[in-house]
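Please open the model in your viewer and keep the sequence panel beside it. The stops below move from the whole chain to single residues and then to helix pairs.

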Amino acid sequence: MIKVRGLKKSFANTAVLRGINFDVPDGKITTLLGANGAGKTTCLRILTGLMTPEGGTVHFDALEIQKETQQIRRRLGVISDREGLYERLTVAEYLDIFASMQGLGGEAKAEALASVRDSLGLDGLWSRRMKGFSQGERMKVSLARALVHKPHYLVLDEPTRGLDVLAVRLLRKTLNELRDQGCAILFSSHVMQEVEELSDQVLVMSAGRIVASGTPGGLKQQCAAASLEDAFVEFAYGSEARDKRAEESPA
Ligand SMILES: Nc1ncnc2c1ncn2[C@@H]1O[C@H](COP(=O)(O)OP(=O)(O)OP(=O)(O)O)[C@@H](O)[C@H]1O
């Protein structure tokens, strides 16, 4: 389980995260939804130890990300908003290096590499150098890198960005399998259909806070919305408008 408590972060005196609290349970897929600029990437970067918060804590079971970063990374797969791929390497060489950095060797490494190649359909890319890769091809490699060490926790920032229909299907299948194996999975997305199909729990972020959470069906019920998109718009933008009104005319 990943536990997030009281996360705060500002940029240039503007509060982006204003006390974020949520859990990402084992064996479940949790999705973070929010408008552009709501603070999702900032939140995910703090979770994965890429950024330091001004307040709050993130625990991966008993370990805290700010204190035990390396230990946690052994069990954590990440896709961040800024992917740096080594363009001179082939996919096979690149993933081999990452697998070694995660402590894999010998048969275990060969098995792990074959497993991501097959599960993500990377055969055609395997021996190609990454220079000139399309956005979707780069995302596939990033996904393989995130999964190669069979992590228990997954934190993925918009993992379907740039992927074609087949690749999205493969990703969906992979995430469902990892959920069934007990992994704790958190991803952000703007695509309502995939959120609805994949999520056990949805968190709606607006103006630096989690303003709603629940199953996709539960969120729709909470505001009597016909679709998850309608519920999201109500929670994300409705609460922003209400906050603004309250600030302008305090009771
Ligand atoms: N390093 C930074 N310096 C200054 N401002 C930043 C920095 N990083 C993020 N911000 C600002 O913080 C806010 C939240 O950004 P963030 O990238 O977390 O949003 P997001 O919810 O991921 O958005 P999107 O859906 O567009 O990817 C934005 O207004 C952004 O401009």
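Of the 251 residues of the protein, 36% count as buried, a residue being buried if 20 or more other C-beta atoms lie within 10 Å of its own, exposed if 12 or fewer and partly exposed in between, with C-beta atoms placed from the backbone. This is a predicted model, in which local features need pLDDT of at least 70 and side-chain atom pairs count only at pLDDT 80 or more, while totals for chains, interfaces and linings use all residues. Residues are numbered from 1 along each chain as its sequence is written.

With the whole chain still selected, colour by secondary structure: the protein has nine helices and 10 strands, where helices (H or I, at least four residues) and strands (E, at least two) are DSSP runs numbered from the N terminus. The radius of gyration is 19 Å, close to the 18 Å that the globule rule gives for 251 residues, so the protein is as compact as a globular protein of that length; the radius is taken over C-alpha atoms, and the rule is 2.2 Å times the number of residues to the power 0.38. Along the principal axes, the C-alpha atoms fill a box of roughly 65 × 40 × 35 Å.

Select alanine 12 next, in the loop between strand E1 (2-11) and strand E2 (14-24). Alanine 12 has a positive phi of about 50 degrees although it is not a glycine, and it is exposed, with 5 other C-beta atoms within 10 Å. Most residues other than glycine have a negative phi. Then go to alanine 224, in the loop between helix H8 (216-222) and helix H9 (228-248), where a positive phi of about 50 degrees is again found in a residue that is not a glycine. Alanine 224 counts as exposed, with 9 C-beta neighbours inside 10 Å.

Now select serine 199, in the loop between helix H7 (192-198) and strand E9 (201-206): is this residue buried or exposed? Serine 199 counts as buried, having 23 C-beta neighbours inside 10 Å. Leaving aside neighbours within four places in sequence, serine 199 is in contact with Ile29, Thr30, Thr31 and Pro216, two residues being in contact if their C-beta atoms, placed from the backbone, lie within 7 Å.

For the helix pairs, begin with helix H3 (residues 91-101) and helix H5 (residues 135-147), whose axes come within 9 Å and cross at roughly 25 degrees; axes are lines fitted to C-alpha atoms, for helices over the stretch in contact, and angles run from 0 to 180 degrees between N-to-C directions. H3 and H5 are therefore roughly parallel to each other, since angles under 35 degrees count as roughly parallel, over 145 as roughly antiparallel, 65 to 115 as roughly perpendicular and the rest as oblique. Show the side chains of Val91, Tyr94, Leu95 and Phe98 of H3 and of Val141, Ala144 and Arg145 of H5, which make the contact.

Keep H3 displayed and add H4, which packs against H3 at an angle of about 130 degrees with the axes 10 Å apart; that makes H3 oblique to H4. Here the contact is made by Leu95, Asp96, Ala99 and Ser100 of H3 and Lys109, Ala112, Leu113 and Val116 of H4.

End at alanine 110, in helix H4 (residues 106-119), which is partly exposed, with 13 other C-beta atoms within 10 Å. A distance drawn between the C-alpha atoms of alanine 110 and alanine 99, 11 residues apart along the chain, should read 9.2 Å.
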